[in-house]
Amino acid sequence: MAQHVRPDVYENYRIYQPGFADSVAPANGTVPFYFSFEPSLLPWLSDKDLSLAAPVAAYWILSLVFHALDVWGENWAWLNPYRIHESAEVKSHNLVSKSSVVIAVIFQQAIQTILGVLFLEDAAQTVDHWARMRMWSPILVQGTLLYMGDPRRAQQFLQTWGPSIIHFVYWWFIPALQLLWAL
């Protein structure tokens, strides 16, 4: 005959109580070093405008630096050991004119900027990060119960490590996945 567990046995564990999952979520407090409560990174420029301008500015600044090294590097003897190709070799293989490269880059950056203007949101929104972390706590509680199997051990583990796990997942793991996906 199969043994049946009495329902009142589960009442002894806090892990089965409705408010336990909320107690696992981190309380208002620490945020990582990369987070800012300011509405935008630069007070005189919206984040949307900065995200549209930064790639274009970075491209042209770095391109001009490398162009200057290429042009003036022929007169600087100390740069010659660091050349990847000899200047004559580069000139013989590079059949595209500089003006056509500049036109192609400007065209590509125009498309990129137009798509950014159309698809990026400009409205700064206030996010309650601790409420979002509380949304993850029931998932952590259920996953820990399933993995450990023993409610007593799961409850002790969650009371000790639960807030730290949710904090790590919310502030570090999920952004790392988003960054990897964006690459």
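**Close-up views of an all-helix predicted model**

**View 1. The largest nonpolar core.** The largest nonpolar core in this predicted model has 15 residues, and those with the most contacts inside it are Ile15, Phe20, Val24, Met133, Val141 and Leu158. Helix 1, helix 5 and helix 6 are the elements that each give two or more residues to this core. As a bit of background, nonpolar side chains in soluble globular proteins tend to be buried together.

**View 2. The whole chain, for orientation.** Stepping back, the protein chain has 6 helices and 0 strands, so to speak a plain α-α-α-α-α-α run from the N terminus on. Of its 183 residues, 19% are buried. Among contacts with a separation of 6 or more, 73% join residues 24 or more positions apart. How confident is the predictor, going by mean pLDDT? The chain averages 82, with 85% of its residues at 70 or more. Helix 4 (residues 98-119) has the highest mean among the elements, 92, while helix 3 (residues 87-93) has the lowest, 66.

**View 3. Helix 6 and its kink.** Helix 6 covers residues 151-182, and its 32 residues put the end C-alpha atoms only 39 Å apart, whereas a straight helix at 1.5 Å a residue would reach 46 Å. Where does helix 6 kink? Look at tryptophan 161, shortly before proline 163: the kink there is about 60°.

**View 4. The buried residues of helix 6.** Pro151, Ala154, Gln155, Leu158, Gly162, Ile166, His167, Tyr170 and Trp171 are the buried residues of this helix. Their cover includes helix 1 (20-24) and helix 5 (129-148). Leu158 turns up again here, having already appeared among the residues with the most contacts inside the largest nonpolar core.

**View 5. Threonine 144, where helix 5 meets helix 6 residues.** Threonine 144 sits in helix 5. Is it buried or exposed? With a relative accessibility of 7%, threonine 144 counts as buried. Leaving out residues up to four places away in sequence, threonine 144 touches Gly149, Ala154, Phe157 and Leu158. Two of those partners, Ala154 and Leu158, are also on the list of buried helix 6 residues.

**View 6. Lysine 48, a buried lysine.** Lysine 48 belongs to helix 2 (residues 47-72). Its relative accessibility is 16%, and because the buried class is anything under 20%, lysine 48 makes the cut as buried. Which residues does lysine 48 contact, neighbours within four places in sequence aside? The answer is Gly116, Val117, Leu120, Glu121 and Asp122.

**View 7. An aromatic cluster.** The whole structure holds 7 aromatic pairs. In one of them, phenylalanine 33 and tyrosine 34 have ring centres 6.0 Å apart and planes at 85°, so they pair edge-to-face. Phenylalanine 33 is exposed at 73% relative accessible area, while tyrosine 34, at 38%, is partly exposed. Phenylalanine 35 and tryptophan 171 make another edge-to-face pair, 5.1 Å from centre to centre with 65° between the planes. That pair ties together distant parts of the chain, 136 residues apart: phenylalanine 35 is in the loop between helix 1 and helix 2, and tryptophan 171 is in helix 6. Phenylalanine 35 is partly exposed at 21% relative accessibility, whereas tryptophan 171 is buried at 3% relative accessible area. Put together, Phe33, Tyr34, Phe35, Tyr170, Trp171 and Trp172 form one aromatic cluster.

Conventions
Residues are numbered from 1 along each chain as its sequence is written. This is a predicted model: local features need pLDDT of at least 70, side-chain atom pairs count only at pLDDT 80 or more; totals for chains, interfaces and linings use all residues. Side-chain values use heavy atoms; hydrogens and water are left out. Helices (H or I, at least four residues) and strands (E, at least two) are DSSP runs, numbered from the N terminus. The expected span of a helix is 1.5 Å times one less than its number of residues. The bend at a residue is the angle between axes fitted to the seven residues ending there and the seven starting there. Buried means under 20% relative accessible area, exposed over 50%, partly exposed in between (1.4 Å probe, protein chains only). Contact means heavy atoms within 4.5 Å. A nonpolar core is a set of buried Ala, Val, Leu, Ile, Met, Phe, Trp, Tyr and Cys residues joined through side-chain atoms within 4.5 Å. pLDDT is the predictor's confidence in each residue, from 0 to 100. Rings of Phe, Tyr and Trp (its six-membered ring) pair if their centres lie within 6.5 Å; planes under 30 degrees apart count as stacked, over 60 as edge-to-face and the rest as tilted.
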